[in-house]
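User: I would like to go through this structure piece by piece. Please take my questions in turn and keep the answers short.

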2 protein chains.
Amino acid sequence: MLYVPNPAGSLAAGVAAAAVLFFAGASGAVEPAHPAGDPARDTTSVPTSSVLGAESPRIHGDGRVTFTLAAPQAHSVEVAGGDGLGKGPFPMTKAAEGTWSVTIPPPVPGFHYYWFLLDGVQVNDPASHTYFGYGKETSGIEIPEPGADYYAIKDVPHGEVREKWYFSGTTGEWRRAFVYTPPDYETNLKRRYPVLILQHGSGEDETGWTRQGRAQWILDNLIAAGRAQPMIIVMDRGYALRRGEPVPAFTKKLTVGELDRLFGTFGDVILHELIPTIDASYRTIPDRDHRAMAGLSMGGMQTLFITLHHPDEFAYIASLSGPIMGGSNASQPVDESLHQPFDPAAGYDGAFADPAKFNARVRLLWFGVGTAESFMPGIDGAVAALKKSGIRLVYFQSPGTAHEWQTWRRSLNDLAPRLFR
Amino acid sequence: MLYVPNPAGSLAAGVAAAAVLFFAGASGAVEPAHPAGDPARDTTSVPTSSVLGAESPRIHGDGRVTFTLAAPQAHSVEVAGGDGLGKGPFPMTKAAEGTWSVTIPPPVPGFHYYWFLLDGVQVNDPASHTYFGYGKETSGIEIPEPGADYYAIKDVPHGEVREKWYFSGTTGEWRRAFVYTPPDYETNLKRRYPVLILQHGSGEDETGWTRQGRAQWILDNLIAAGRAQPMIIVMDRGYALRRGEPVPAFTKKLTVGELDRLFGTFGDVILHELIPTIDASYRTIPDRDHRAMAGLSMGGMQTLFITLHHPDEFAYIASLSGPIMGGSNASQPVDESLHQPFDPAAGYDGAFADPAKFNARVRLLWFGVGTAESFMPGIDGAVAALKKSGIRLVYFQSPGTAHEWQTWRRSLNDLAPRLFR
């Protein structure tokens, strides 16, 4: 049997079954072609996405991946996932003992969400850890990228990731942010640090940048190499509704105005609650020149909306694969606006209208995209229009990666060294 | 539709679907009979186990719970879970549109793991967050306990929970521990703190005590009330195999000797790697009189094994629902040993053989159990035998709760005030 769960067994049996669980974290599911994935052989490691002892999914030496699920009574099992995995759904075939499997072509390196379709229902792989994406807990697979160890945990000084809970009067809820403090934070007790607010994408949550993105190790490695300034990174939950505001209907097609209003609520949380909480709780340098905001996808849209409407609060601005809304008509659906060309003079209530003034105030405007992303034409167009209008910016392209985490890991690795210089 | 996932949709559609995700963390899945679960109404809250916007499971005002899953093509759907949920499996019935549901009698209050059986396969509820249990990511439901707010987040000073990674030479892997630092840790920079090592159970991992147990809020609340000493709590991953040691066969029935050997490896990690790492990284009081170890279930067994074999390292010892092995024959199966009476003179290589000496050295020996646990007779018997032999101990019973987290929350709430006095 590939996997032995024990949920319905007796408690005494559960204790005896502890044998299953007494082994180390390495899954053995990556074959030796990827030694960087084997923490027993060196101290550079990207932790596996598989649970203890899982034998599926298996990444073969040639890069192909075999997925397996025991489902003797099922009529149909498929596997599907993110763009870089090839999307699928890939039909699986049933062996005599009731185990379904399929081997797929080599995926693009990086982290990919995936799921099974079990008699048509999207379910998780019991052999995978789960990651919050698509508005729910979702299986994920880490495909090693040969030669890329910038997001691996290494034998360098490490910072810490801390849970910070704070009560939001705006939303009427306790909110959780994760806070990365750099390696010398606990030893260099007089030092104060700049702050990067770093946001996840739609359907993800505040866990994304550390669990999927490995932002903490990207920064540890950059700081150890002297390539990035030590900084505090704050990762908040990118959803906010005003206290008592009804939940939007699920089927509603958002307009630009509605999206802006939601972004405005989140901006109020960021500006009036999160930033003061962080400045009161950590040794920050609490001024504009030492404050950056960045986000991926929806988080990039939020970043542009919030920072461009509050230019006195942020000197560094980065949109990682953030779709660009071209239209500025509040009643237009977001979908349509995404297909309109961006007008630097009109967008964001004229934030870019005076390029000389903008360039003098904003220390970094950064855009990134993966070359396999469907959003690339829109981002390309906006970047070209902004440049043509005289706005100074950095444009980073991640070769061959889609709207997925490998794009955003590479993006952060390019962005972080440019901050607070 | 109760739940609108969007995994296979286009990225642009994903952005538009952000409407689904722009609401606050309160799920609305608890009806108003439980106002403590509604963070919009006060600042005392136990966060919901449901994902954003989920409408299932629904906890009714009378305590019954309705589970729902959309699975139009399925032939059979059931829900099953922990003892306090009533175990099940409870057959679900299919409505015309393909949604299956069942309403079950009021569960025991507290946190319960659960899962669906979808055409016989154990799968997660997409509407639930997942919690590591049974060796995999598992759905969970938080059933409010009327009047019990000791594990709720409240408007009191909060400590922090930090991820601490360290490389283990014993196992050849990077390991993750979670570290709770008390509320004044960042402001009272000269103060040093005692340390409690607090372990999860079999099939769980280092996330359990904060995600399922809410240990951080139990301590915040006790400290705010002046009932517990401020302390550092370290929660490690309770699995360890020596570097290069083969993974035990899944079907193997462990003997007492094999279990002791595995506990010994974990003990080496704790004593020679974890404790030195924590003492080097945090302002601990690094001596025996300020060091406690506690654990639940398997973690209780590990605690007794490690502390009783290293009496110079720990002054406080607590086993929360830890099954007691009566036999001391190394070749005996664990299962059999659990059914033998405990002999204080022989157990743990004679650690209890001289009660006067034991009582003089150990500042607290604490046992806990839920009165609905199948392990209770064994624990009762061991406690009675130890008391009769003259060993001083505290015995805590949690009324009506099973081998589940509400027992261990109550246990920690009783235990923590007794530590470091």
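User: In β2(B), which residue is the bridge partner of R58(B)?

Analyst: This is a predicted model, and the answers below rest on it. β1(B) and strand β2 (residues 65–70) of chain B run antiparallel and are joined by two bridges. Within that pairing, the partner of R58(B) in β2(B) is T66(B).

User: Which strands are the edge strands of the open sheet in chain B?

Analyst: The open sheet has four strands in the order β1-β2-β6-β5 (chain B), with antiparallel pairing. An edge strand here pairs on one side only, and that applies to β1 (58–59) and β5 (93–94) of chain B.

User: With which residues is P106(B) in contact, leaving aside its neighbours within four places in sequence?

Analyst: P106(B) sits in the loop between β6 (99–104) and β7 (110–118) of chain B. Its C-alpha atom is separated by 37 Å from that of P230(B), which is 124 residues away along the chain. With neighbours within four places set aside, the contacts of P106(B) are D62(B), G63(B) and R64(B).

User: How many of the residues of helix α3 of chain B are buried, and what is the phi of G226(B), which follows α3(B)?

Analyst: Helix α3 (residues 215–224) of chain B is mostly covered, with nine of its 10 residues buried. Among them are W217(B), I218(B), L219(B) and D220(B). G226(B) follows α3(B), and its phi is positive, near 75°.

User: How many residues of helix α10 of chain B are buried?

Analyst: Helix α10 covers residues 405–415 of chain B and is mostly covered. Its buried residues include W405(B), W408(B), R409(B), R410(B) and D414(B). The count is 11 of its 11 residues.

User: At what angle do the axes of α4 and α5 of chain A cross, and is α4(A) roughly parallel or roughly perpendicular to α5(A)?

Analyst: The axes of helix α4 (residues 256–281) of chain A and helix α5 (residues 298–309) of chain A come within 10 Å and cross at roughly 75°. Angles of 65 to 115 degrees count as roughly perpendicular. That makes α4(A), relative to α5(A), roughly perpendicular.

User: Which residues of α5(A) meet α4(A), and how many nonpolar residues does the contact have?

Analyst: On the α4(A) side, the residues are L259(A), D260(A), F263(A), G264(A), F266(A), G267(A) and I270(A). They meet M298(A), M301(A), Q302(A), F305(A) and I306(A) in α5(A). By class, the contact of α4(A) with α5(A) has one charged, three polar and eight nonpolar residues.

User: Which residue in the turn between β9(A) and β10(A) has a positive phi?

Analyst: Strand β9 (residues 130–133) and strand β10 (residues 136–143) of chain A pair in the antiparallel sense over four bridges, and Y131(A) stands opposite T138(A) in β10(A). T130(A) and F132(A) point one way from β9(A), Y131(A) and G133(A) the other way, and all are buried. The two strands form a hairpin with two residues between them. The residue in the turn with a positive phi, about 60°, is Y134(A).

User: Which residues form one aromatic cluster with Y131(A) and Y134(A)?

Analyst: Y131(A) belongs to β9(A), while Y134(A) is in the turn of the hairpin. The other members of their cluster are F111(A), Y113(A) and W115(A).

User: How many aromatic pairs does the structure hold, and are the rings of Y150(A) and Y151(A) stacked or edge-to-face?

Analyst: Over all chains, the structure holds 40 aromatic pairs. The rings of Y150(A) and Y151(A) have centres 4.9 Å apart and planes at 80°, so this pair is edge-to-face.

User: How many residues apart in sequence are the parts tied together by W366(A) and F396(A)?

Analyst: W366(A) and F396(A) form a stacked pair, 5.9 Å centre to centre with 25° between the planes. W366(A) lies in strand β17 (residues 364–370) and F396(A) in strand β18 (residues 394–398) of chain A, so the parts tied together by the pair are 30 residues apart.

User: Is S297(A) buried or exposed?

Analyst: S297(A) is in the loop between β15 (291–296) and α5 of chain A. Its phi is near 55°, a positive value in a residue other than glycine. Its relative accessible area is 7%, so S297(A) is buried.

Note on methods
Residues are numbered from 1 along each chain as its sequence is written. Chains are lettered from A and ligands numbered from 1 in the order in which they are written. This is a predicted model: local features need pLDDT of at least 70, side-chain atom pairs count only at pLDDT 80 or more; totals for chains, interfaces and linings use all residues. Side-chain values use heavy atoms; hydrogens and water are left out. Axes are lines fitted to C-alpha atoms, for helices over the stretch in contact, and angles run from 0 to 180 degrees between N-to-C directions. Angles under 35 degrees count as roughly parallel, over 145 as roughly antiparallel, 65 to 115 as roughly perpendicular and the rest as oblique. Contact means heavy atoms within 4.5 Å. Ala, Val, Leu, Ile, Met, Phe, Trp, Tyr, Cys and Pro count as nonpolar, Asp, Glu, Lys and Arg as charged, and the others, Gly among them, as polar. Buried means under 20% relative accessible area, exposed over 50%, partly exposed in between (1.4 Å probe, protein chains only). Two strands pair if DSSP finds at least two bridges between them. Rings of Phe, Tyr and Trp (its six-membered ring) pair if their centres lie within 6.5 Å; planes under 30 degrees apart count as stacked, over 60 as edge-to-face and the rest as tilted.
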